[in-house]
Amino acid sequence: MEFNPAIHFRRVSYSIGDAAILKEVTGSIPDGKITTLAGPSGAGKTTLLKLCNGLISPTSGDIFIQGKHVNEYKPAELRRMAGIALQNAPMIKGTVYDNLALPLKLAGKNLLEKDASAFLEDVGLDKSFLHRDSRNLSGGQRQKVSIARTLVNRPRILLLDEITASLDPASSKEIEELILKINHTYGVTMIWITHHLRQARTIGHYTWVMMNGRLAEAGESSLLESPITDEVKRFVEGGFS
């Protein structure tokens, strides 16, 4: 399996006190593809995601993003390159436009309304949403706005932390289709944490399975149909947890 890596981890560990959260993780995330990140709760998935845009730093080991060591990036530069969308899609008080404008506002820039409308259209929302109070959005609409907000910085990497976990099946399907569309249209590299076997297998081009802070298996997402290790077999047979 050969590909250009967007992110490479080399013996990356992360600890909080005496608790080892990640243990010498080595592996590469393919550039321009969707990699789903699976594993039981407490396996280290969210920690791995936070390392990718500098929200936390590894205790040991090295992370390379687009071929450059993570320490060579300024924090703001790294977070523009690697945007993150969270399960609860947090919104600031105000309108949808206020939320979309936030990334540029933090950089001392303004977002034109026509550009804000275009970002909404990218995620399947009409421009009429622009001046709607963000508190009046449904869960699916909030998640779409959250994704649109990450796109404002034109990131090369999108980090998605269980973004459909709180949504109903219809809204989840819309978000899945949206992620596939963004990846296909813009070639954005994506890492998506999911607890759903079907989602990990069908949305991901590649999959990492994390177990107890280690990378247990990695490869094309078809690996979930015939895992190599016994621990991953048991995990998949349990339907993810």
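**Figure 1. Lys 68 placed over the ring of Tyr 73.** In this predicted model, the charged end of Lys 68 lies above the ring of Tyr 73, at 4.4 Å from the ring centre. Lys 68 also takes part in a salt bridge with Glu 77, for which the N to O distance is 4.0 Å. Both partners of this bridge are partly exposed: Lys 68 has a relative accessibility of 28%, and Glu 77 has one of 29%. The salt bridge between Glu 77 and Lys 68 belongs to a structure that holds nine salt bridges.

**Figure 2. Arg 132 over the face of Phe 129.** Here the ring is that of Phe 129, and Arg 132 is positioned over its face, 4.0 Å from the ring centre. As for contacts between aromatic rings themselves, the structure contains one aromatic pair.

**Figure 3. The largest nonpolar core, with 34 residues.** Within this core, the residues with the most contacts are Leu 100, Leu 111, Ile 147 and Ile 179. At least two core residues are supplied by each of helix 3 (96-106), helix 4 (113-122), helix 5 (139-151) and helix 6 (169-186), and likewise by each of strand 7 (157-161) and strand 8 (189-193). Helix 3 provides the largest share, namely five residues. A separate core of 28 residues lies apart from this one; Val 70, Leu 78, Ile 191 and Trp 208 are among its members.

**Figure 4. The surroundings of Ile 179.** Ile 179 is one of the residues with the most contacts inside the largest nonpolar core. When neighbours within four places in sequence are set aside, the residues in contact with Ile 179 are Ile 34, Ile 147, Leu 160, Ile 163, Met 190 and Trp 192. One of these, Ile 147, is likewise listed with the most contacts inside the core.

**Figure 5. The salt bridge between Lys 144 and Glu 174.** The closest N and O atoms of Lys 144 and Glu 174 are 2.8 Å apart. Because Lys 144 belongs to helix 5 and Glu 174 to helix 6, the pair ties together parts separated by 30 residues in sequence. The two side chains differ in burial: Lys 144 is buried, at a relative accessible area of 10%, whereas Glu 174 is partly exposed, at 42% relative accessibility.

**Figure 6. The salt bridge between Arg 198 and Glu 176.** The side chains of Arg 198 and Glu 176 meet with an N to O distance of 2.6 Å. This pair also links distant parts of the chain, with Arg 198 in helix 7 (residues 197-203) and Glu 176 in helix 6, 22 residues apart. Glu 176 is buried, with a relative accessible area of 7%, while Arg 198 is partly exposed, at 43% relative accessibility.

**Figure 7. The environment of Ser 13 in strand 1.** Ser 13 belongs to strand 1, which spans residues 5-16, and is buried, with a relative accessible area of 12%. A polar atom of the Ser 13 side chain lies 2.8 Å from the backbone nitrogen of Glu 24. Not counting residues up to four places away in sequence, Ser 13 touches Leu 22, Lys 23 and Glu 24, together with Pro 58, Thr 59 and Ser 60. Glu 24 therefore appears in this view both as a residue touched by Ser 13 and, with a polar contact being a pair of N or O atoms within 3.5 Å, as the residue whose backbone nitrogen lies 2.8 Å from the Ser 13 side chain.

How values were computed:
Residues numbered from 1 in each chain as written. Predicted model: local features only at pLDDT ≥ 70, side-chain atom pairs only at ≥ 80, totals over all residues. Heavy atoms only, no water. Phe/Tyr/Trp six-rings, centres within 6.5 Å; stacked < 30°, edge-to-face > 60°. Lys NZ or Arg CZ within 6 Å of the ring centre and 35° of its normal. Core = buried A, V, L, I, M, F, W, Y, C linked by side-chain atoms within 4.5 Å. Buried < 20%, exposed > 50% of the residue type's maximum accessible area, 1.4 Å probe, protein only. Helix = DSSP H or I, 4+ residues; strand = E, 2+ residues; numbered from the N terminus. Contact = heavy atoms within 4.5 Å. Polar contact = N/O pair within 3.5 Å; in protein donor to acceptor, adjacent residues only side chain to side chain.
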